[in-house]
Amino acid sequence: QLLESKRNKDLPAVTLDGREVELAANIGSPHDAALALEWGAASIGLFRTEFLYMQSNELPSEETQYAAYKKAVETMLPRSVIFRTLDIGGDKALPYLQMPPEENPFLGYRALRLCLDRPDLFKTQLRAILRAGEHGNIRIMFPMVATIDELRRAKEMLREAANELGLASLPEIGIMVEIPSTAIMARTFAEEVDFFSIGSNDLIQYTVAADRGNKSVSYLYQYLEPSVLHLIANVIEAAHAAGKWAGMCGEMAGDPQAIPFLLGLGLDEFSMNAPALPEARDLIRSLSLVECRKLAERALKCRSVEEIQALIAD
Ligand code: PEP
Ligand code: MG
């Protein structure tokens, strides 16, 4: 596996006709950052920061978080790390956080919703991330943003944290696009962020209303679902119209069937589990952007997953 990881890691992720994209890795701990480098990650597209909260019996302190985040930042230097702020709730409960029992946890009190409600907890994390950023190259993104008001409140808290630390400038700020309301309103959001990262895992589940882990409804949960492709196209278009970039950090970004469409739609950054990088890199280097654009255009006219699969087989 190690040999496989080294095989093409220093080659650029560039199509035959010269379109270069960023191939990034998703990580869940500072230790993963070193592994991501072995697999040839150009950056970290998603640092899931839940690990410290899940490992511990109490809320991790600013110092504990700072030390862990700094390690990841320093490991990746001069490459950048996108920190996703706490995405707890849903299926990820914390025993020491009093959370009301919910009938629909995935539609409930989770991620940014919880953080906006708990400025103490949120500010502690934001301060730890901003301090870690002083040691390298970071970006910050918020998960599960559903409305522009949530984004504004989150940015306000980030500005407050930066002021408390006496920081003159902020890192680039982005959002995960993983709720259909946000994908639909992407043009509005694009004016107030520096980048988008599409969270296809949740975006698909919320678009077709099918739990991403429920086998009995998995027929609905498809990367090539036309409604999902239209939402993705809208997000990328909106980002580019505003001069911003768009990436994807859900599992779909590493799927060989999906990559040609995503390239054709203009996706700028693909962030995936590190072991998926070599195959994705080979694939991108074997494709032509012009052909991928034609494929994407035709896919957006399809009426079903089956039609899109037939298009690929063709
Ligand atoms: C996603 O929803 O696509 C995503 C990357 O976030 P997570 O899998 O952590 O919910
Ligand atoms: Mg998600």
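Helices (H or I, at least four residues) and strands (E, at least two) are DSSP runs, numbered from the N terminus. The model is a predicted one, where local features need pLDDT of at least 70, side-chain atom pairs count only at pLDDT 80 or more, and totals for chains, interfaces and linings use all residues. Residues are numbered from 1 along each chain as its sequence is written, while chains are lettered from A and ligands numbered from 1 in the order in which they are written.

**Exercise 1. Place A128: which helix holds A128, and is A128 buried or exposed?**

Step 1. Look along helix α6, residues 119-133; A128 lies there.

Step 2. Now count neighbours. A residue is buried if 20 or more other C-beta atoms lie within 10 Å of its own, exposed if 12 or fewer, and partly exposed in between, with C-beta atoms placed from the backbone. A128 has 25 other C-beta atoms within 10 Å, so A128 is buried.

Step 3. Check what A128 touches. Two residues are in contact if their C-beta atoms, placed from the backbone, lie within 7 Å. Leaving out residues up to four places away in sequence, A128 touches E62, Q65, Y66 and Y69.

Step 4. For a sense of distance, try V14: A128 and V14 are 114 residues apart in sequence and 35 Å apart in space, C-alpha to C-alpha.

**Exercise 2. Work out how α2 and α4 pack: what is the angle between them, and which residues make the contact?**

Step 1. Get the geometry. Axes are lines fitted to C-alpha atoms, for helices over the stretch in contact, and angles run from 0 to 180 degrees between N-to-C directions. Helix α2 (residues 30-38) and helix α4 (residues 62-76) meet at about 10°, and their axes are 8 Å apart.

Step 2. Name the arrangement. Angles under 35 degrees count as roughly parallel, over 145 as roughly antiparallel, 65 to 115 as roughly perpendicular and the rest as oblique. That's why α2 and α4 are roughly parallel to each other.

Step 3. List the partners: P30, A33 and A34 come from α2, and A68, K71, A72, T75 and M76 from α4.

Step 4. Sort them by type. Ala, Val, Leu, Ile, Met, Phe, Trp, Tyr, Cys and Pro count as nonpolar, Asp, Glu, Lys and Arg as charged, and the others, Gly among them, as polar. The contact of α2 with α4 then has 6 nonpolar, 1 polar and 1 charged.

**Exercise 3. Describe the shell of ligand 1: which residues are around ligand 1, and which element gives the largest share?**

Step 1. Set the cut-off: a residue is near a molecule or strand if its C-beta atom, placed from the backbone, lies within 6 Å of it. Around ligand 1 you find L46, R48, D87, E178, G199, S200, N201, D202, C249 and G250.

Step 2. Look for elements that give two or more residues to this shell: they are β2 (44-48) and α10 (200-207). The largest share, 3 residues, comes from α10.

Step 3. Split the shell by type, and you get 2 nonpolar, 4 polar and 4 charged.

Step 4. Follow α10 a bit further. In α10, 7 of its 8 residues are buried, namely S200, D202, L203, I204, Q205, Y206 and T207. Their cover includes β5, α8 (180-184), β6 (195-198), α11 and β7 (245-248).

**Exercise 4. Check helix α11: how far apart are its end C-alpha atoms, and which of its residues are buried?**

Step 1. The expected span of a helix is 1.5 Å times one less than its number of residues. For the 16 residues of α11 (residues 226-241) that should be 22 Å, and the end C-alpha atoms are 22 Å apart, which agrees.

Step 2. Pick out the buried residues of α11: V228, L229, L231, I232, A233, V235, I236, A238 and A239.

**Exercise 5. Hunt for backbone oddities: what is the phi of M144 and of A209, and which peptide bond is cis?**

Step 1. Know the background: most residues other than glycine have a negative phi, and most peptide bonds are trans.

Step 2. M144 has a positive phi near 55°. M144 sits in the loop between β4 (138-142) and α7, and counts as buried with 25 C-beta neighbours inside 10 Å.

Step 3. A209 isn't a glycine either, yet its phi is positive, about 55°. A209 is in the loop between α10 and α11, and counts as exposed with 10 C-beta neighbours inside 10 Å.

Step 4. The peptide bond from L77 to P78 is cis, with omega near 5°. P78 is placed in the loop between α4 and β3 (81-84).
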